[in-house]
Amino acid sequence: MYLCGHVSTTANTPTLYSNAFTSGTMAVGTTGSLALGTGTGECSPLTEINNSGQNTDWLFVGIPQSCAFGVGTASGCVESFNITSGFPATAAAAFASSGGTSGIVVDNVSTEGHASSLYYSTLGVAPCTGGSLGGCAAQVTQAGLK
């Protein structure tokens, strides 16, 4: 089971955790942890999809600021993790998203990149398609967040 929480010793830094189950009982303690950013703030809800077309099990999360993987460092981002073989060591990709993301919705499983997408809205003000400024609806691919 994957979850996003805070490390109390590091000023509420968003952190990805995993917990194991044995015979239906959750283990005491975590089986993995990975800092998702260096700032504070809440993660978006985690979203997972096993994309059989890409033979990849994806996990997505939005971070409101100071992302750990080099994108959207001040303004927030959406991050993807390949969890096909277990707990990830790093993000597979990150994409700037002002203020983080709302809940993330995924569609389709396909070998075609743009046939497998995710959708969310930004939580911060950003320049939207068409020249308007505000919270924007966004669409990016599952593989590579492009």
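**Notes on a predicted model: start at β7**

1. Let's begin with strand β7. T56, W58, F60 and G62 point one way from this strand, while D57, L59, V61 and I63 point the other way, and all of them are buried. Bear in mind that you are looking at a predicted model. The pattern fits a general habit: in a regular strand, side chains alternate between the two faces of the sheet.

2. How enclosed is β7 by the rest of the structure? Eight of the eight residues of β7 are buried, so the strand is largely enclosed by what surrounds it.

3. Now for the neighbours. β7 belongs to an open sheet of four strands, ordered β6-β7-β8-β9, with antiparallel pairing. The edges are taken by β6 and β9 (93-96), and each of these pairs on one side only. On average, neighbouring strands in this sheet are turned by 20° against each other, ignoring direction.

4. On one side, β7 meets strand β6 (residues 47-51): the two run antiparallel and are joined by five bridges. If you want a spot to click on, T47 stands opposite F60 in β7. β6 and β7 also make a hairpin, with four residues between them. Have a look at N55 in that turn, as its phi is positive, at about 50°.

5. With β8, β7 is joined by six bridges, and the two strands again run antiparallel. F60 is handy here too, since its bridge partner in β8 is S80. Moving along the sheet, four bridges join β8 to β9, another antiparallel pair. One place to find this pairing is V78, whose bridge partner in β9 is F95.

6. Which residues make up the largest nonpolar core? There are twelve: L16, L34, L36, C43, L59, V61, I63, C67, C77, F81, I83 and A91. The elements giving two or more residues to this core are β7 (56-63) and β8 (77-82). β7 gives the most, with three residues. Among the core members are L59, V61 and I63, and these three point the same way from β7, together with D57.

7. A loop residue worth a glance is G39, which sits between β5 (32-35) and β6. Is G39 buried or exposed? It is buried, with a relative accessible area of 9%; the cut-off for buried is under 20%. G39 and C67 are 28 residues apart in sequence, and their C-alpha atoms are 7.6 Å apart in space. C67 is itself one of the residues of the largest nonpolar core.

8. There is also an open sheet of three strands, in the order β10-β11-β14, with antiparallel pairing. Why is one side of β10 (105-107) and of β14 (137-141) left without a neighbour in the sheet? Both stand at the edges with a single partner strand each, so one side of each has no neighbouring strand there. The twist in this sheet averages 25° from one strand to the next.

9. Within that sheet, strand β11 (residues 117-121) pairs with β14 in the antiparallel sense over five bridges. To locate the pairing on screen, look for S121, which stands opposite A137 in β14.

10. Last, the surface. M1, F21 and M26 form a nonpolar patch there, with about 310 Å² of accessible area together. F21 is found in strand β3 (residues 21-22) and is partly exposed, its relative accessible area being 45%.

Terms used:
Residues numbered from 1 in each chain as written. Predicted model: local features only at pLDDT ≥ 70, side-chain atom pairs only at ≥ 80, totals over all residues. Heavy atoms only, no water. Patch = residues over 30% accessible without salt bridge, like charges linked within 9 Å, V, L, I, M, F, W, Y side chains within 5 Å. Areas by Shrake-Rupley, 256 points an atom, 1.4 Å probe, with all protein chains shown as cover. Salt bridge = Lys/Arg side-chain N within 4 Å of Asp/Glu carboxyl O. Buried < 20%, exposed > 50% of the residue type's maximum accessible area, 1.4 Å probe, protein only. Pairing = 2+ DSSP bridges. Axes fitted to C-alpha atoms, helices over the stretch in contact; angles between N-to-C directions. Core = buried A, V, L, I, M, F, W, Y, C linked by side-chain atoms within 4.5 Å.
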